[in-house]
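Visitor: I should like to look closely at a single part of this structure. Would you please choose one place and describe what surrounds it?

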Amino acid sequence: MTADPTTALREHVEFGPLTIGFDQRVLRPRPWTAAQSAWAAELLVEADPGPVLELCAGAGQIGLLAVHASDRRLVCVDANPVACAWTLQNAAAAGMADRVEVRQGDLAVMVPPSESYALVVADPPWVPAAETSRYPEDPLLAIDGGDDGLVVAAACVDVAAGRLARNGSLLIQLGTSEQVRAVDATLAADRELRLEEVRTFERGVVARFVRE
Ligand SMILES: C[S@@+](CC[C@H](N)C(=O)[O-])C[C@H]1O[C@@H](n2cnc3c(N)ncnc32)[C@H](O)[C@@H]1O
């Protein structure tokens with residue numbers, strides 16, 4: 001698969017003040033997810049200094065909008081080379097290329113434990129593997145969350161827990177509040193992440209975990 005954004009049909013959406021390019025090889029940006037960016041931006045006003053990490057960035061719009069009004073650095077990670085190419089292009093279009101770094105690969109190995117972040121935003125696939133056929137228009141890599149739907153979410157929690165500064169927040173998007181409870185019960189407590197708040201939106205939920 002070529003990562004060149006010019007080889008597929010380009011589309012764009014307005015995402016807050018940003019114009020975000022993408023094509024059918026990445027997940028179509030969903031307008032409601034600007035709420036995850038807004039929540040992150042609100043937390044960044046009071047957060048310690050330091051960069052922001054975006055896991056499962058897709059075309060990068062959630063992280064780009066989160067740091068847009070600040071001067072924070074943003075590191076975006078996605079396994080899909082096409083998504084990474086779009087994130088680079090979208091960062092440049094927003095005039096943010098000098099403070100956005102894009103890493104292509106499995107998030108479990110793309111963020112060294114020596115790195116520290118003020119905040120992590122994550123948007124992992126969360127559909128159980130047996131149910132992905134319900135979403136034929138979406139790229140499989142963007143929605144397939146493994147047997148229980150939480151395989152990539154678990155990896156996000158693991159990476160965030162090891163890289164967040166004390167009192168730093170992980171804002172993770174999932175499908176349901178039941179999934180948040182499962183993550184909290186099975187993963188977060190072991191890793192010193194406290195579930196602080198869950199916000200419910202029309203097509204998903206965003207949970208805030210705080211590093212103790
Ligand atoms: C639900 S989509 C979210 C994309 C984007 N944040 C959005 O809102 O459009 C999940 C993203 O995770 C990426 N992904 C899936 N598994 C991954 C992994 N193990 N490591 C890094 N990225 C992964 C997919 O390529 C996809 O872009």
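Guide: Let us begin with the ligand in this predicted model. The shell around the ligand is made up of 16 nonpolar, three polar and three charged residues. Of the 22 residues around the ligand, the nearest are Cys56, Gly58, Ala79, Asn80 and Asp123. Two or more residues of this shell come from each of two elements, S4 and helix H5 (140-143).

One of the nearest residues, alanine 79, deserves a closer look. Alanine 79 lies in the loop that joins strand S4 (74-78) to helix H3 (81-93). Because alanine 79 has 17 C-beta neighbours inside 10 Å, it counts as partly exposed; a buried residue would need 20 or more. Apart from its neighbours within four places in sequence, alanine 79 is in contact with Gly105, Asp106 and Leu141. Leucine 55 is 24 residues away from alanine 79 in sequence, while their C-alpha atoms are 9.6 Å apart in space.

The strand that leads into this loop is S4. Five of the five residues of S4 are buried, so the strand is mostly covered by the count of 20 or more neighbours. In a regular strand, side chains alternate between the two faces of the sheet. In S4, one side carries Leu74, Cys76 and Asp78, and the other carries Val75 and Val77; all of these are buried, and both faces are thus covered.

S4 also has partners in the sheet. Strand S3 (residues 52-55) pairs with S4 in the parallel sense over four bridges, and within this pair valine 52 stands opposite leucine 74. Together with helix H2 (residues 61-67), S3 and S4 make a right-handed β-α-β unit. Strand S5 (residues 100-104) is likewise parallel to S4, with five bridges between them, and here aspartate 78 stands opposite glutamine 104. S4, H3 and S5 make a right-handed β-α-β unit as well.

Finally, the whole chain may be considered. The chain has seven helices and nine strands, and 44% of its 212 residues count as buried. Among contacts between residues at least 6 apart in sequence, 66% join residues at least 24 apart. The C-alpha atoms fill a box of roughly 45 × 40 × 30 Å along the principal axes. The radius of gyration is 16 Å, which agrees with the value near 17 Å for a compact globule of 212 residues.

Note on methods: Residues are numbered from 1 along each chain as its sequence is written. This is a predicted model: local features need pLDDT of at least 70, side-chain atom pairs count only at pLDDT 80 or more; totals for chains, interfaces and linings use all residues. A residue is buried if 20 or more other C-beta atoms lie within 10 Å of its own, exposed if 12 or fewer, and partly exposed in between; C-beta atoms are placed from the backbone. Two residues are in contact if their C-beta atoms, placed from the backbone, lie within 7 Å. Two strands pair if DSSP finds at least two bridges between them. A crossover is right-handed if, with the strands pointing away from the viewer, the path from the first strand over the helix to the second runs clockwise. A residue is near a molecule or strand if its C-beta atom, placed from the backbone, lies within 6 Å of it. Ala, Val, Leu, Ile, Met, Phe, Trp, Tyr, Cys and Pro count as nonpolar, Asp, Glu, Lys and Arg as charged, and the others, Gly among them, as polar. The radius of gyration is taken over C-alpha atoms; the globule rule is 2.2 Å times the number of residues to the power 0.38.
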